[in-house]
Amino acid sequence: MQMSPRGPGAPPRRSRMRGLSMLELLIGAALGLLVVAAAGTIAVGSVTSTRRQLVEARLEQDVRSAVEVIEREVRRSGYWANALYEGRKPTAAATAVVNNPHASLVLTGSSQLDYTYSSKVLDNQATSDELFSVRLNSDTQGLEVRRDAQGAWQPLTDADSLKVEAFSVALDSQRSRSTPATTSCSCTCSVTTPAPVCRGVSVRVYTIALTGASRSDATLKRTLSSTVRVRNDQIMANICAPCATP
């Protein structure tokens, strides 16, 4: 094969390799940005979802813990270390029967519960250090407890993480009941016994309801309701209703 000589005036040989055009570079950069943006969106969504789940779990735990504390207090209310002498004379020389001084469980309004139980070995009266309360503070929107009638209110819930929107304790009239202490006693009115008197036992059941919202995310709310029976049934001097006047 005869090769033509390349002299000084011969045209330059064209290279077989060539670079990317400006359009191709722009398209590649745009595709790369789309991939990065999609990955960033997925990562942010995953972090947000994880954070929301953590907030939900803490909210659930805070509401449940508060209700469980109140449940234990309601169950314990009315406990009396000297209950053996309930409705009886403690000694032969005594002139009066002894009644449980801790039987009271009072609802003050709809957001405060006052109760008492014995903290001593033997006692026949409720002292100030045995008077306890739970309430909803409307200013801080948190639950507070008081362990002494003369003491200061202490927070039961964390005001930085939980906002208590509603709190109530109500007597469950469907489950609460009063029954005669003995089967021989009857509340039936008659001509011979116009005003019967029957000592009885009062079974008290309360419904506790609490609604809380997260401080960091107001859209997250939880409502928990619980039914609690007071373990210490109240002895009633008379469970019979007055007879109608003839």
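# Enclosed strand, open sheets, one core

Modeller: Strand 2 (112-116) has 5 of its 5 residues buried, so it is largely enclosed by the rest of the structure. This is a predicted model, in which local features need pLDDT of at least 70 and side-chain atom pairs count only at pLDDT 80 or more, while totals for chains, interfaces and linings use all residues. Residues are numbered from 1 along each chain as its sequence is written, and side-chain values use heavy atoms, with hydrogens and water left out.

Biologist: How do you know that both faces of strand 2 are covered?

Modeller: Gln112, Asp114 and Thr116 lie on one side, Leu113 and Tyr115 on the other, and all are buried. Buried means under 20% relative accessible area, exposed over 50%, and partly exposed in between (1.4 Å probe, protein chains only). In a regular strand, side chains alternate between the two faces of the sheet.

Biologist: What makes strand 1 and strand 2 a pair?

Modeller: Two strands pair if DSSP finds at least two bridges between them. Strand 1 (residues 105-108) is joined to strand 2 by 4 bridges and runs antiparallel to it, so the rule is met. Thr108 has Gln112 as its bridge partner. The hairpin of these strands has 3 residues between them, and Gly109 takes a positive phi near 70° there. Strand 2 also pairs with strand 3 in the antiparallel sense, over 5 bridges; Thr116 stands opposite Leu131 in strand 3.

Biologist: How do you know that strand 4 and strand 5 pair?

Modeller: They have 2 antiparallel bridges, and the rule asks for at least two. Glu144 stands opposite Pro155 in strand 5. As for strands themselves, they are DSSP runs of E with at least two residues, while helices are runs of H or I with at least four, numbered from the N terminus. Strand 5 spans 154-155, so it qualifies.

Biologist: Why do strand 1 and strand 5 stand at the edges?

Modeller: The open sheet has 5 strands in the order 1-2-3-4-5, with antiparallel pairing. Strand 1 and strand 5 each have a single partner strand, so one side of each is left without a neighbour in the sheet.

Biologist: Which strands are the edge strands of the sheet 6-9-10?

Modeller: That open sheet has 3 strands with antiparallel pairing. Its edge strands are strand 6 (162-171) and strand 10 (221-229), each pairing on one side only. Strand 6 is joined to strand 9 (residues 205-214) by 9 bridges, and Leu171 has Tyr206 as its bridge partner. Helix 1 (residues 22-76) lies across strand 6, strand 9 and strand 10, at about 20° to strand 10. Angles run from 0 to 180 degrees between N-to-C directions of axes fitted to C-alpha atoms, for helices over the stretch in contact; contact means heavy atoms within 4.5 Å.

Biologist: What makes a nonpolar core?

Modeller: It is a set of buried Ala, Val, Leu, Ile, Met, Phe, Trp, Tyr and Cys residues joined through side-chain atoms within 4.5 Å. The largest one has 27 residues, and Val74, Leu143, Phe167 and Leu210 have the most contacts inside it. Helix 1 gives the largest share, 7 residues. Among the residues that Leu210 touches are Val63, Leu143, Phe167 and Leu224.

Biologist: Why is Asp217 called buried?

Modeller: Asp217, in the loop between strand 9 and strand 10, has a relative accessible area of 18%, so it falls under the 20% limit.

Biologist: What joins the side chains of Asp217 and Arg52?

Modeller: A polar contact of 3.0 Å. The term needs N or O atoms within 3.5 Å; within protein, one must be able to donate a hydrogen and the other to accept it, and residues adjacent in sequence count only if both atoms are side-chain atoms.

Conventions. Lists of a residue's contacts leave out its neighbours within four places in sequence.
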